[in-house]
Amino acid sequence: MARAIKNTTRAPRPEQANRHDELRVMLEQRRQAMIDELHGRLRGVRAESAQRTPEPPDPGETADVDIQGDIEFALIQMKAETLDKVNEALARLDEGRYGHCFDCGHEIPAARLRAMLFAVRCTECEQTREDRGRSHGPKRDPAGVLALQR
Ligand SMILES: [Zn+2]
């Protein structure tokens, strides 16, 4: 009853809304892809452990299976983390905070967001942060992960 007045202070300009609509679609597609893949992988892991025959373990083979399992687990964890980031980005989008730099508050260019859907800083601030981070050792952030994959 008391909330009859709608909060219109965050009403985005039309071009802003379009930009966010496009990114929302991309985020939602990414989320669905992550969910599908997670389900697929979890099914695969279950099927594999069901197939595994309870033979007396051969030391060499078990080690191999363990490594496989570790890789699979790491992949699942990576997907789950990506899913978390997608959900976080969608929540920020709903709050009208998505696409704005955490540090300087400026709009993050749409091209950067398309390339890095979870970018939380503009290119400049990210660069400054990376330069600063280098002297403090490796930091756990999306840019750092991408650098490692190169
Ligand atoms: Zn910035």
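# A guided tour of a helical chain

Read from one end of the sequence to the other, the protein chain shows the pattern α-α-α-α-α. In a secondary-structure view, the count is 5 helices and 0 strands. Please keep in mind throughout that this is a predicted model.

**Whole chain.** Begin by selecting the complete chain, which has 150 residues, 9% of them buried. Next, display the contacts between residues at least 6 apart in sequence: 59% of these join residues at least 24 apart.

**Colour by confidence.** Now colour the chain by pLDDT. The average is 79, and 69% of the residues score at least 70. Which helix has the highest confidence, and which the lowest? Helix α3, residues 110-115, is highest at 91, whereas helix α5, residues 142-149, is lowest with a mean of 48. Select residues 144-150 as well: their pLDDT is below 50, and the stretch has 2 contacts in the model beyond near neighbours in sequence. Where pLDDT is low, the predicted coordinates should not be read in detail.

**Helix α1, first stop: His-20.** Select residues 14-51 to display helix α1. His-20 is found in this helix, α1. Is His-20 buried or partly exposed? His-20 counts as partly exposed because it has 19 C-beta neighbours inside 10 Å, while a buried residue requires 20 or more. Add Gly-96 to the selection and draw a line between the two C-alpha atoms. His-20 and Gly-96 are 76 residues apart along the chain, yet their C-alpha atoms are separated by 9.3 Å.

**Helix α1, second stop: Glu-22.** Glu-22 also belongs to helix α1. Its 13 C-beta neighbours inside 10 Å are the reason Glu-22 counts as partly exposed; the exposed class ends at 12. Select Ala-110 next: although 88 residues separate Glu-22 from Ala-110 in sequence, the distance from C-alpha to C-alpha is 9.8 Å.

**Helix α1, third stop: Arg-31.** Continue to Arg-31, likewise in helix α1. Arg-31 is classed as partly exposed because 17 C-beta neighbours lie inside 10 Å. Which residues does Arg-31 touch, not counting residues up to four places away in sequence? They are Leu-83, Val-86 and Asn-87. For Asn-87, the C-alpha to C-alpha distance from Arg-31 is 7.5 Å, with the two positions 56 residues apart in sequence.

**Helix α2: Glu-72.** Finally, select residues 59-95, which form helix α2, and locate Glu-72 within it. Why is Glu-72 partly exposed? Glu-72 has 15 other C-beta atoms within 10 Å, and therefore falls in that class. Leaving aside neighbours within four places in sequence, Glu-72 is in contact with Arg-41 and Val-45. Select Arg-41 to complete the tour: Arg-41 and Glu-72 are 31 residues apart along the chain, and 7.9 Å separates their C-alpha atoms.

Key
Residues numbered from 1 in each chain as written. Predicted model: local features only at pLDDT ≥ 70, side-chain atom pairs only at ≥ 80, totals over all residues. Helix = DSSP H or I, 4+ residues; strand = E, 2+ residues; numbered from the N terminus. Contact = placed C-beta atoms within 7 Å. pLDDT = per-residue confidence, 0-100.
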